[in-house]
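Q: I am new to this structure and would like to be walked through it. Could we go through it step by step?

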Amino acid sequence: MYNLCAAGSLVGPGARRTDRGCVLGSFELTIGPRQRSMHRVPLPQRTHLEFTDPLRELVRVARMMNAPTVPTHLDLTNCKFLSPLILCGTAALLRAEQEAGLDSVANIHCHQEGLRQYLEITGYPEGYSQSDPTYSGKRLLAEFRTKNYIPLIRFEASRPSDRDREELIQSVERLLIDQCGLDGPLLNAVKYLISEITTNITYHAGQGSGFLLAQYYRSDQHLDLAIADTGMGLRANYLASGKWRPSDDVEALRLALEGRSTKDRPDSRGFGIRTSRRMLVEGLNGQFFYWSGSAMLLNNADKENIFDLKDGTRYPGCYIAMRIPTVTDPSFNYLRFVE
């Protein structure tokens, strides 16, 4: 068991009062009779290609957002490059606050023009959703086919059977296939990972929204993929089922790793975590990260570490990050890992 200590100190609200309202970064919010001041949370200037770097930054941002009664202002003004791993996670954190009734916002008008355009094109932080009347799957495929990233996708997380969501996920799969040139066993593995995790979110989240974001790094021959939700979280789902009574988030995570599920089915696989991480880490030599509540799992070919955040920092739903190599051992067979 490892404890992840708090790094750095919390910063207080970044707003300053003026005669006209509240100045936050590069824009102004007027404070009405019932509007509280906002808690400014800056995102890092840049994240690096190391898999764990954007994850450490996501923990820092979540720690700073741990003020459930004060709306957050996510400030990207000084950002220059951000991994999809931190962008997906912060979009879900922001959405969780909005679903809780807070008027939290993100300022994406960063000084770096390339990043600003990327954020606008990908739809950060709201994401593309089929609930938007202007959404078109064909247009989505046409606009992003020649890029090395997909848009931020948002879907309903509380309906297990949803044709619109399935069509949306299939569009994302086709887009990634085109961008990465996937075929054969690797193609089947990526489709399985996306389908397995998004499907399990809709079975277990119980409420809220799901998010998905990915980027292909051609020169480094890997795909970074993040999936998050604003649901009830792993432990709460176990408790709600009545089948398991984990005493804390770490015990709930261990149950999932053992394949203990809340479903009344003999083929249950523990929220899809066990099969997904084995396929990715053991089969593809990739990297896998999972976070729910205070419990985290970091798994790669060299280590499998569980962290317990003791400082009160929590992820409200579930967050999964994967680094998927796009060049694999010819002997890889994804069926060996499907339970």
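The conversation below goes from the whole chain to selected helices, strands and residues.

Q: To start, what kind of model is this?
A: The model is predicted.

Q: How many helices and strands does the protein chain have?
A: The protein chain has nine helices and 14 strands.

Q: And what share of the residues counts as buried?
A: Of the 339 residues in the protein chain, 55% count as buried.

Q: What about contacts in the chain between residues at least 6 apart in sequence: what share joins residues at least 24 apart?
A: That share is 69% of those contacts.

Q: Let us turn to helix α9. Why is it described as largely enclosed?
A: Helix α9 covers residues 273-283, and eight of its 11 residues are buried, so the rest of the structure largely encloses it.

Q: Which residues of α9 are buried?
A: They are Ile 273, Thr 275, Ser 276, Arg 277, Met 279, Leu 280, Val 281 and Gly 283.

Q: What covers them?
A: The cover includes two helices, α6 (184-204) and α8 (249-257). It also includes the strands β11 (287-293), β12 (295-299), β13 (304-308) and β14 (315-325).

Q: Which residue with a positive phi follows α9?
A: That residue is Asn 285, whose phi is near 60°.

Q: Now to Phe 288. Where is it?
A: Phe 288 lies in strand β11.

Q: Is it buried or exposed?
A: Phe 288 has 1% relative accessibility, so it counts as buried. The cut-off for buried is under 20%.

Q: Leaving aside neighbours within four places in sequence, which residues is Phe 288 in contact with?
A: Several of its contacts are residues of α9: Ile 273, Ser 276, Arg 277, Leu 280 and Val 281 are among them. Phe 288 also touches Leu 297, Leu 298 and Asn 299, as well as Ile 320, Ala 321 and Met 322. Phe 51 completes the list.

Q: How far is the C-alpha atom of Phe 288 from that of Glu 304?
A: The two C-alpha atoms are separated by 9.4 Å, and the residues are 16 apart along the chain.

Q: Which residues stand opposite Phe 288 in the paired strands?
A: In β12, Asn 299 stands opposite Phe 288. In β14, its bridge partner is Met 322.

Q: How do β11 and β12 run, and how many bridges join them?
A: β11 and β12 run antiparallel and are joined by five bridges. A hairpin links the two strands through one residue.

Q: And how is β12 joined to β13?
A: These two strands also run antiparallel, with five bridges between them. They form a hairpin with four residues in between, and Ala 295 stands opposite Asp 308 in β13.

Q: Why is β12 called largely enclosed?
A: Five of the five residues of β12 are buried, so the rest of the structure largely encloses the strand.

Q: Which way do its residues point?
A: Ala 295, Leu 297 and Asn 299 point one way, while Met 296 and Leu 298 point the other way, and all are buried.

Q: How many residues of β14 are buried?
A: In β14, 10 of the 11 residues are buried, and the strand is mostly covered.

Q: Which strands are joined to β14 by bridges?
A: Strand β10 (residues 222-229) is one of them, running antiparallel to β14 with eight bridges. There, Ile 227 has Ile 320 as its bridge partner. Strand β11 is another, also antiparallel to β14, with six bridges.

Q: Changing topic, how do helix α7 and α8 pack?
A: Helix α7 (residues 234-241) packs against α8 at an angle of about 75°, and the axes are 8 Å apart. The two helices are therefore roughly perpendicular to each other.

Q: Which residues meet there?
A: From α7, Leu 234, Arg 235 and Tyr 238 meet Asp 249, Ala 252, Leu 253, Leu 255 and Ala 256 from α8. By class, this contact has six nonpolar residues, two charged residues and no polar ones.

Q: Last topic: how many disulfides are there?
A: The count is zero. Cys 79 is in no disulfide, and its nearest cysteine sulfur, that of Cys 110, is 6.5 Å away. Cys 110 is likewise in no disulfide.

Q: Are those two cysteines buried or exposed?
A: Cys 79 counts as buried because its relative accessibility is 1%. Cys 110 also counts as buried, at 1% relative accessibility.

Notes: Residues are numbered from 1 along each chain as its sequence is written. This is a predicted model: local features need pLDDT of at least 70, side-chain atom pairs count only at pLDDT 80 or more; totals for chains, interfaces and linings use all residues. Side-chain values use heavy atoms; hydrogens and water are left out. Buried means under 20% relative accessible area, exposed over 50%, partly exposed in between (1.4 Å probe, protein chains only). Contact means heavy atoms within 4.5 Å. A disulfide is a pair of cysteine sulfur atoms within 2.5 Å. Axes are lines fitted to C-alpha atoms, for helices over the stretch in contact, and angles run from 0 to 180 degrees between N-to-C directions. Angles under 35 degrees count as roughly parallel, over 145 as roughly antiparallel, 65 to 115 as roughly perpendicular and the rest as oblique. Ala, Val, Leu, Ile, Met, Phe, Trp, Tyr, Cys and Pro count as nonpolar, Asp, Glu, Lys and Arg as charged, and the others, Gly among them, as polar. Two strands pair if DSSP finds at least two bridges between them.
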